[in-house]
Each structure stands twice: as structure tokens, then as C-alpha cells.
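This report describes the fold of a single chain, going from the overall layout to the sheet and then to one residue outside it.

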Amino acid sequence: MKRHDDGTRCLEGTRQIPRNFAACCDIFDAHTSTCAFDLRYEWWEESGAWVIAISESAGGGGITILFCPHCGTRLSTNS
Ligand SMILES: [Zn+2]
Ligand SMILES: [Zn+2]
């Protein structure tokens with residue numbers, strides 16, 4: 001597990017997505033495996049929601065999104 005200078009985990013290269021995930025566009029797809037310091041989308045199974053992940057350094061958690069910020073497609077929520 002990579003870590004940032006402040007000791008928080010770096011999630012770059014890891015993904016948290018639904019099992020049968022098919023990205024609406026390449027940009028969204030690319031940002032499912034980026035670090036929360038960049039722009040990172042995660043699927044939260046328990047809440048059944050897509051979120052913009054917030055870095056642990058900034059308090060953690062996520063902001064729910066219903067539509068892709070890049071192409072405007074409604075995000076699939078069936079996993
Ligand atoms: Zn990182
Ligand atoms: Zn999209």
C-alpha cells in the first residue's frame with residue numbers, strides 16, 4: 001500500500017466499482033483508479049451510490065453523484 005507524505009493511504013491503481021461495471025465514457029473510467037488527491041470515483045456497495053471520494057487528509061468520505069460529470073450519463077446503480 002502506497003502512502004502519502006502525511007501517512008494517508010494512496011488508492012491510485014485500486015478500483016471500487018460494481019461487478020458488471022461498464023463505464024459511460026473513458027474519462028469516468030480513468031478516474032475510477034486514480035488517487036483521491038486527483039479526482040476519484042468510487043462505487044459504495046452499502047449505500048448503493050457512486051461518490052466522488054474525498055482524500056483522508058481532507059476528512060475522507062464521499063460526495064454522492066447520480067450523473068457522470070463528464071458526459072452527463074446517468075450512472076448505473078445495479079451491481
Ligand atoms: Zn495518492
Ligand atoms: Zn461519462
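Helices and strands here are DSSP runs, of at least four residues for a helix and at least two for a strand, numbered from the N terminus. The model is a predicted one. By that count the chain has one helix and three strands, arranged along the sequence as α-β-β-β. The radius of gyration is 12 Å, close to the 12 Å that the globule rule gives for 79 residues, so the chain is as compact as a globular protein of that length. Along the principal axes, the C-alpha atoms fill a box of roughly 35 × 25 × 20 Å. Of the 79 residues, 9% count as buried. Among contacts between residues at least 6 apart in sequence, 35% join residues at least 24 apart.

**The sheet**

The three strands form an open sheet in the order 1-2-3, with antiparallel pairing. Strand 1 and strand 3 are at the edges and have a single partner strand each, so one side of each lacks a neighbour in the sheet. From one strand to the next, the twist averages 40°. Strands of a sheet pair through backbone hydrogen bonds, in either a parallel or an antiparallel way. The two pairings in this model are set out below.

| Strand pair | Residues | Bridges | Direction |
|---|---|---|---|
| Strand 1 and strand 2 | 41–44 and 49–53 | Four bridges | Antiparallel |
| Strand 2 and strand 3 | 49–53 and 62–65 | Four bridges | Antiparallel |

Individual residues show how the strands line up. W44 stands opposite A49 in strand 2. The hairpin of strand 1 and strand 2 has four residues between the strands, and G48 takes a positive phi near 60° there. On the other side of the pairing scheme, W50 has I65 in strand 3 as its bridge partner, and I52 stands opposite I63 in strand 3.

**After the sheet**

L66 lies in the segment after strand 3. Is L66 buried or exposed? A residue is exposed if 12 or fewer other C-beta atoms lie within 10 Å of its own. L66 has 9 other C-beta atoms within 10 Å, and is therefore exposed. Leaving aside residues up to four places away in sequence, L66 touches R74 and L75. L66 and F21 are 45 residues apart in sequence, and their C-alpha atoms are 15 Å apart in space.

Methods. Residues numbered from 1 in each chain as written. Chains lettered and ligands numbered in written order. Predicted model: local features only at pLDDT ≥ 70, side-chain atom pairs only at ≥ 80, totals over all residues. Rg over C-alpha atoms; globule rule 2.2 N^0.38 Å. Buried ≥ 20, exposed ≤ 12 C-beta atoms within 10 Å, placed from the backbone. Contact = placed C-beta atoms within 7 Å. Pairing = 2+ DSSP bridges. Axes fitted to C-alpha atoms, helices over the stretch in contact; angles between N-to-C directions.
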